[in-house]
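Biologist: I want to see how the labels on a model are earned. Can we go through some together?

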Amino acid sequence: MTPTLIGHTTAELTALLTEMGLPGYRGKQLARGFYTRFARDFDAFSDLPKALREKLATETQLAPCSERSVQSAPDGTEKYLLNLTDSEVIEAVYLPYEDRTSVCVSSQVGCPMACSFCATGTEGLARNLTAGEIVDQLLFMQAKHPEQRISHLVLMGMGEPLINLPNVLKALHLLHDEVGLSYRNMTVSTVGVVPGMEKLAAEDLPITLAVSLHAPNNTLRSELVPLNEKYPIGRLMEACRHYTDTTRRRITFEYVLMAGINDTEKEAHELGELLRRQPLCAVNTIPYNSTDVEARYQRPTPEAARLFREIVASYGVTITQRYEKGHRIAAACGQLKRSALKPGSAMRPLPLFSQIPVAEPTEPTLEPTA
Ligand code: SAH
């Protein structure tokens, strides 16, 4: 298989070049080219001899992601559909804010977690992304926006990062060591994969962990998040406490508000009670974004959302509403979904989670431009 260069450390690139019979010290120039100058083809490496560039162009591939289509919203949000080298497709979102520029990237092609309200969950998992494919989503969007330095990254696109932990960790290290992003500006979001949370705690990185909670009791949470059957709330809260005790970093609990489902005063009191004693935590509420997969879920009224937050806050729990972007182009949380499926694409959960039902793939929703 043709090696893809993005996704390797400078040291690995040096070794790769040596193996190819090329001068190893050129590895540093290569890494600088795509990790800090955001070059996406060999012609951009004018500091490398032409013969070397030609050999690299025939025997390797530079970047794993290429543009398939893009949709832009008036607020500057851009939702990209990216082709991977095996013709799988993923989504990544560019999010310019006033004070920072963030990207939301995918960790898997699809997702095996099958949360009842999430668009990605309807498609099952095709495969994990490699570290290079995770990093390249940011590099691709940075190359599109040379004027604006991307400072923040959230792993809140398609997939469950903590069941692809080795590749996710390698990606975070590359982004820190090679691209120069601060760990403090990286957020990993999980639906509550307890063993993954324990492994991540052991890494002791100053990143932010977000936990998708969505319900304060097991009956409701199991309905929304099938993984709750395996790691119920008690077990999850223990893992959260262990995480904050080990890393001294705050956990953000994500709570998607769905009218009449999990946004009533009853759930607000239960949530306040649940998190009252949880150290170093904050809640982020996200009004449900409609998807074409579930008609029974609706956005709450702003009044209901406000009351919910007031009740939770009365328990001394920090709670804020996530500022939403990209609504009009369905680039908001949980609306990312593989829209162009390769015929015969593998649709299966990882063996570990094979007990979780995986829905049939649905019809494409986006028109590819290319
Ligand atoms: N699997 C990880 C990473 C995906 S993050 C996780 O679940 O945390 C995507 C976030 O968007 C999660 O908090 C998810 O619960 C939320 N989400 C999913 N569908 C949504 C929808 N329709 N509206 C609003 N948020 C949604």
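Modeller: We will take aromatic rings, then charges over rings, then the ligand. Keep in mind that this is a predicted model.

Biologist: Why is the pair of tyrosine 80 and phenylalanine 140 called edge-to-face?

Modeller: The ring centres are 5.2 Å apart, and a pair needs centres within 6.5 Å. The planes stand at 85°. Edge-to-face means over 60 degrees, so the label fits. A search of the whole structure finds five aromatic pairs.

Biologist: What makes this pair a tie between parts 60 residues apart in sequence?

Modeller: Tyrosine 80 lies in strand β2, whereas phenylalanine 140 lies in helix α4, so the pair links those two parts.

Biologist: How do you know whether tyrosine 80 is buried or exposed?

Modeller: Its relative accessible area is 3%. Buried means under 20%, so tyrosine 80 is buried. Phenylalanine 140, with 6%, is buried too.

Biologist: What makes tyrosine 288 and tyrosine 297 an edge-to-face pair?

Modeller: Their centres are 5.9 Å apart, with 65° between the planes. The cut-offs are within 6.5 Å and over 60 degrees, so both values pass. Both tyrosines are buried.

Biologist: How do you know where the charged end of arginine 100 sits?

Modeller: It sits over the ring of tyrosine 97, 4.4 Å from the centre. The distance limit is within 6 Å. Arginine 37 lies over the face of phenylalanine 45, at 5.8 Å from the ring centre.

Biologist: What makes serine 189 a polar contact of the ligand?

Modeller: An N or O atom in its side chain is 2.6 Å from a ligand oxygen. The cut-off is within 3.5 Å, so this counts. The protein covers 96% of the ligand's 530 Å² of accessible area.

Notes. Residues are numbered from 1 along each chain as its sequence is written. This is a predicted model: local features need pLDDT of at least 70, side-chain atom pairs count only at pLDDT 80 or more; totals for chains, interfaces and linings use all residues. Side-chain values use heavy atoms; hydrogens and water are left out. Rings of Phe, Tyr and Trp (its six-membered ring) pair if their centres lie within 6.5 Å; planes under 30 degrees apart count as stacked, over 60 as edge-to-face and the rest as tilted. Helices (H or I, at least four residues) and strands (E, at least two) are DSSP runs, numbered from the N terminus. Buried means under 20% relative accessible area, exposed over 50%, partly exposed in between (1.4 Å probe, protein chains only). A charge sits over a ring if NZ of Lys or CZ of Arg is within 6 Å of the ring centre and within 35 degrees of the ring normal. A polar contact is a pair of N or O atoms within 3.5 Å; within protein, one must be able to donate a hydrogen and the other to accept it, and residues adjacent in sequence count only if both atoms are side-chain atoms. Accessible areas come from the Shrake-Rupley method with a 1.4 Å probe; for residues, only the protein chains shown count as cover.
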